[in-house]
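Let's take a friendly walk through a protein model. Have a look at the structure first, and then we will go through some of its parts together.

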Amino acid sequence: MKAISKLKWMMPPSLSRHFSHTPIASRNVSNYSLSSLLDDFTRFCYQRDLPRAIRAMDAMQSHGLHADAVTYSELIKCCLSRRAVAEAKLVRNHIFSGGYYPKTFLVNTLLNMYVKFDLLEEAQAMFDQMPERNVVSWTVMISAYCKLKLNNKALEFMILMLRDGVRPNMFTYSSVLRACDSLVNVRQLHCGIIKVGLDSDVFVRSALIDIYAKWGELRCAVSVFNEMVTGDFVVWNSIIGAFAQNNDGDGALNLFKRMKRAGFEANQPTLTSVLRACTGLALLELGTQVHVHVLKYDRDLILNNALLDMYCKCGSLEDAKSLFNRMVERDVISWSTMIAGLAQNGYSREALELFESMKLSGTKPNYITFLGILFACSHAGLLEDGWSHFRSMRNVYGIDPGREHYGCMIDLLGRAGKLGEALRLIEEMECEPDAITWRPLLDACRIHRNMDVAEYAAKQVLNLDPEDAGTYILLSNIYANSQRWEDVAEVRKTMRERGVRKEPGCSWIEVNKQIHAFILGDSSHPQAVQINRQLNLLIYKLREVGYVPDTSFVLRDLEGEQKEDSIRYHSEKLAIAFGLMSLSRGKTIRIRKNLRICGDCHIFAKLTAKVEHCTIVIRDPIRYHHFQDGICSCGDYW
């Protein structure tokens with residue numbers, strides 16, 4: 001980029017002959033009057049009286065007068081605060097009139113003004129013609145490109161800045177780190193930061209933690225955090241957010257406790273991250289405690305949305321509804337969260353009714369809103385409603401359906417037994433189907449025992465994701481249900497050859513603010529003997545009211561009692577037994593599970609809720625099941 005002569009920079013040709021800093025166009029005005037005019041202009045600028053300041057500026061221009069750079073910066077701030085783009089351009093034209101050459105400080109202020117008004121082309125043109133550029137000039141442009149996600153341009157400017165001999169500061173590095181599109185770039189910048197001694201800066205350290213977390217490099221994020229000599233609130237927030245973002249809820253909560261012990265009070269970003277951690281772990285008790293801290297930020301929309309999400313995903317719909325109804329302000333995230341929460345917890349009709357209320361409120365639905373709506377339709381068998389909302393996405397709201405939306409429709413069609421229509425919809429997809437798109441169809445084949453389509457769908461999934469253990473297990477289950485043991489053996493052989501292992505089922509339950517985990521046939525729990533005794537007694541009671549273990553969900557070629565034993569100690573059954581032992585009567589048993597609940601455990605939970613007069617909530621990766629009085633909120637349509 002070539003710097004042009006100071007004398008010609010940004011000057012209209014007709015004015016290029018004027019070289020003085022403040023030429024006086026008219027000699028008929030007294031010095032007193034000119035001084036008074038400048039004083040008035042300065043006062044109007046500092047008083048943020050934009051109309052009078054502009055009129056005074058016009059009078060000054062007619063007399064060839066210019067004020068000092070600081071006064072102009074105040075006027076530019078006034079234009080920014082009022083989003084007065086037209087007036088801002090008048091200020092810029094005045095500053096460069098009559099041969100006046102502003103200082104770099106003022107040009108940087110104008111540069112920042114263009115960026116804040118999203119006039120990037122004008123900013124770039126001004127930057128290109130600057131005879132002198134300092135660290136502020138470069139940082140303003142790099143930040144602008146980062147904000148617009150033009151990452152390559154931001155990194156390119158960083159390189160040009162270094163070549164120009166300008167040393168980046170903490171604000172430059174804090175901005176450009178966000179533009180890193182690979183770990184290689186992050187590590188190169190990290191080295192540069194250490195080299196210039198900015199690795200101890202709070203904002204640079206925070207930005208490093210954030211970018212390492214974005215790339216899933218928690219170890220590097222912790223390393224940066226541990227280098228902190230003195231505690232700082234911004235850095236604490238970054239590291240807690242890093243763990244929450246990477247679904248390490250335990251780590252986030254432990255860091256939050258450390259932060260509190262170090263004497264720091266939680267603020268909005270802290271609480272948002274802690275709520276995300278509680279949401280991921282389904283820790284309702286702890287989430288409720290965090291709610292107490294949120295009350296001081298009662299009208300904070302971001303916190304209220306995070307709190308709403310936590311209650312929905314912990315299966316506490318009553319708390320979620322109460323919070324939603326009290327919210328003074330709601331945005332599309334609030335509505336979408338509540339709609340999805342109702343749908344995932346089995347209240348599909350209520351979710352669709354809320355969507356109608358959302359439209360009446362004037363809030364326009366977005367991509368995420370329709371995911372909740374289509375999920376509600378697919379998990380309630382509402383085929384006509386599903387098609388109607390799916391078509392309205394593009395036709396009414398101009399939203400192109402994504403893979404997730406197609407996945408919901410394929411699931412809906414598959415559950416309804418319309419496997420041919422589901423296949424045609426996959427073929428008509430504008431985006432390329434991925435493994436997640438095919439899985440609902442494979443699951444529908446298990447329900448409807450369609451072997452041909454199942455084998456075809458499984459092949460598509462495994463072509464896209466050869467290590468998907470769930471697909472091998474599901475295909476094995478389909479073969480086993482049809483007594484095709486040779487095919488079952490072939491599936492297992494393929495799994496062994498490819499080193500694919502089934503993820504063990506695991507269930508978590510919170511008791512007295514502690515998490516207890518169980519896996520299939522678990523004997524590691526300190527109370528394992530009592531838990532097994534409780535479970536056996538419970539099964540005995542359930543048999544008296546008609547419970548018969550459903551061994552069709554056993555994925556192995558076993559006989560009689562062996563089949564029953566293989567499902568007797570499923571992780572959710574152990575968790576339910578422990579919950580009955582440990583929680584006071586009448587308290588809801590809340591369980592989180594890493595795999596989809598099997599049909600036998602579903603029946604078991606329904607009957608347990610009826611016999612023990614309790615409420616059981618099980619959250620699996622797909623949805624939430626509320627068991628009460630022998631009924632599940634999913635209506636057995638799952």
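How many cavities of 30 Å³ or more does the structure hold? There are 2 of them. A cavity is a set of points, on a 1 Å grid over the protein atoms alone, where a 1.4 Å probe fits but cannot get out.

Before going on, note that this is a predicted model: local features need pLDDT of at least 70, side-chain atom pairs count only at pLDDT 80 or more, and totals for chains, interfaces and linings use all residues. Residues are numbered from 1 along each chain as its sequence is written, and side-chain values use heavy atoms, with hydrogens and water left out.

The second largest cavity has a volume (the space filled by probe spheres set on the points) of about 50 Å³. Its lining, meaning residues with an atom within 4 Å of a point, consists of Val115, Asp118, Leu120, Ala144, Lys147 and Leu148. By class, 4 of these are nonpolar, none is polar and 2 are charged.

UniProt, in an unreviewed entry, places the feature "repeat: PPR" at several spans, including 134–168 and 300–330; such annotations may be inferred rather than shown by experiment. Helices here are DSSP runs (H or I) of at least four residues, and strands are runs (E) of at least two.

| Residues | Helix | Strand | Distance between end C-alpha atoms |
|---|---|---|---|
| 134–168 | 74% | 0% | 10 Å |
| 300–330 | 74% | 0% | 10 Å |

Elsewhere, 6 strands form an open sheet in the order β2-β1-β3-β4-β5-β6, with mixed pairing (two strands pair if DSSP finds at least two bridges between them). β2 (514–519) and β6 (631–632) stand at the edges with a single partner strand each, so one side of each has no neighbour in the sheet. Strands β1 (residues 506–511) and β3 (residues 589–593) run antiparallel, joined by 3 bridges. Trp508 has Arg592 in β3 as its bridge partner.

Definitions and conventions. On a 1 Å grid over the protein atoms alone, a cavity is a set of points where a 1.4 Å probe fits but cannot get out, and a pocket is an open set with protein on both sides within 12 Å along at least five of seven lines; lining residues have an atom within 4 Å of a point. Ala, Val, Leu, Ile, Met, Phe, Trp, Tyr, Cys and Pro count as nonpolar, Asp, Glu, Lys and Arg as charged, and the others, Gly among them, as polar.
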